[in-house]
Amino acid sequence: MPLIPALQESQDLGMISTLTGVSAMSYVISFPVLAIVIAVYLLLAPGGGMMLDGDAYSMTLASGAEMTLRGGDFFLIAGLSALFVEMLKAARTGRSAVLDHILSTATFVLALVCFLLVDFAGTATFFLLTLMTLIDVVAGFSVSLFSARRDFSVGGEG
């Protein structure tokens, strides 16, 4: 047994990656970024509506119109950015793509359950975040199917 516990952990991860054919970094990359946005929302939302409903940023546009962003709007911006990252990850092929699909589906199910059962998650902002997780799941499976069709020419289409 090595004297440094971290070295033992890295050797264990190396053994796991040797057995499964997937590197430890692939597991980290497979973690859904949308899950982080949803987790932060669920941690901050019980603190009060002021954090989500209060004005966070305001500016006057050249037209003279006043544009105001609220706290919840920043979650939507973060969610859209995370959805973009998830779409890039969906284009990957390999064994880690399956783990990515499983974790994305679990994130959607968790978000849906929270939306339906948790009172402070029953907002339009959280509904749109949940919708983003659904889009991530559907798009991830679709991209994988289309890339598999392209790679293997399924059904005689070429």
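Of the 158 residues of the protein, 28% count as buried, where buried denotes a relative accessible area under 20%, exposed over 50% and partly exposed a value in between, computed with a 1.4 Å probe on protein chains only. The structure is a predicted model, in which local features need pLDDT of at least 70, side-chain atom pairs count only at pLDDT 80 or more, and totals for chains, interfaces and linings use all residues. Residues are numbered from 1 along each chain as its sequence is written, and side-chain values use heavy atoms, with hydrogens and water left out.

Seven helices and two strands make up the secondary structure of the protein; these elements are DSSP runs numbered from the N terminus, with helices (H or I) of at least four residues and strands (E) of at least two. Along the sequence, the elements follow the pattern α-α-α-α-β-β-α-α-α. Among contacts in the protein with a separation of 6 or more, 62% are accounted for by residues 24 or more positions apart, a contact being defined by heavy atoms within 4.5 Å. The accessible surface comes to about 10,000 Å², and carbon and sulfur atoms hold 72% of this area. Accessible areas were obtained by the Shrake-Rupley method with a 1.4 Å probe, and for residues only the protein chains shown count as cover.

One cavity of 30 Å³ or more is present in the structure. A cavity is a set of points, on a 1 Å grid over the protein atoms alone, where a 1.4 Å probe fits but cannot get out, and its lining residues have an atom within 4 Å of a point. The largest cavity contains about 60 Å³ of space; grid points are joined across faces, edges and corners, and the volume is the space filled by probe spheres set on the points. The lining of the largest cavity consists of Glu86, Ala90, Asp100, His101, Ser104, Thr105, Asp136, Val137, Gly140 and Phe141. Two or more lining residues are given by each of helix 5 (71-90), helix 6 (96-117) and helix 7 (124-152). By class, three of the lining residues are nonpolar, four polar and three charged. In this classification, Ala, Val, Leu, Ile, Met, Phe, Trp, Tyr, Cys and Pro are nonpolar, Asp, Glu, Lys and Arg are charged, and the others, Gly among them, are polar.

Pro32 is placed in the loop between helix 2 (24-30) and helix 3 (33-44). Its relative accessible area is 2%, and Pro32 is therefore buried. Beyond residues up to four places away in sequence, Pro32 touches Glu86, Lys89, Leu103, Ser104 and Thr107. Of these, Glu86 and Ser104 also belong to the lining of the largest cavity. Although Pro32 and Asp100 are 68 residues apart along the chain, their C-alpha atoms are separated by 7.2 Å.

Two of the residues touched by Pro32, Lys89 and Thr107, make polar contacts through their side chains. A polar contact is a pair of N or O atoms within 3.5 Å; within protein, one atom must be able to donate a hydrogen and the other to accept it, and residues adjacent in sequence count only if both atoms are side-chain atoms. Lys89 lies in helix 5 and is buried, as its relative accessible area is 9%. The side chain of Lys89 reaches the backbone oxygen of Phe31 at 2.9 Å. Outside its neighbours within four places in sequence, Lys89 is in contact with Ile29, Ser30, Phe31, Pro32, Val33 and Asp100. Thr107 is located in helix 6 and counts as buried at 10% relative accessibility. For the Thr107 side chain, the polar partner is the backbone oxygen of Leu103, at 2.8 Å. With neighbours within four places in sequence set aside, the contacts of Thr107 are Pro32, Leu34, Ala35, Ile38 and Thr133.

Partly exposed positions were also examined. Leu44, in helix 3, has a relative accessible area of 32% and is thus partly exposed. Residues up to four places away in sequence not being counted, Leu44 touches Met51 and Phe75. The C-alpha atoms of Leu44 and Phe120 are 9.9 Å apart in space, with these positions 76 residues apart in sequence numbering. Arg70 belongs to strand 2 (residues 66-70) and is partly exposed at 40% relative accessibility. Arg70 touches Leu52, Asp53, Gly54, Asp55 and Ala56, residues up to four places away in sequence again being excluded. Arg70 and Ala56, 14 residues apart in sequence, have a C-alpha to C-alpha distance of 4.9 Å. Asp73, found in helix 5, is partly exposed with a relative accessible area of 27%. Asp73 and Thr125 are 52 residues apart in sequence and 7.5 Å apart in space, C-alpha to C-alpha.

Key:
1 Å grid on protein atoms, 1.4 Å probe; cavity = no way out; pocket = protein on both sides within 12 Å on 5 of 7 lines; lining within 4 Å.
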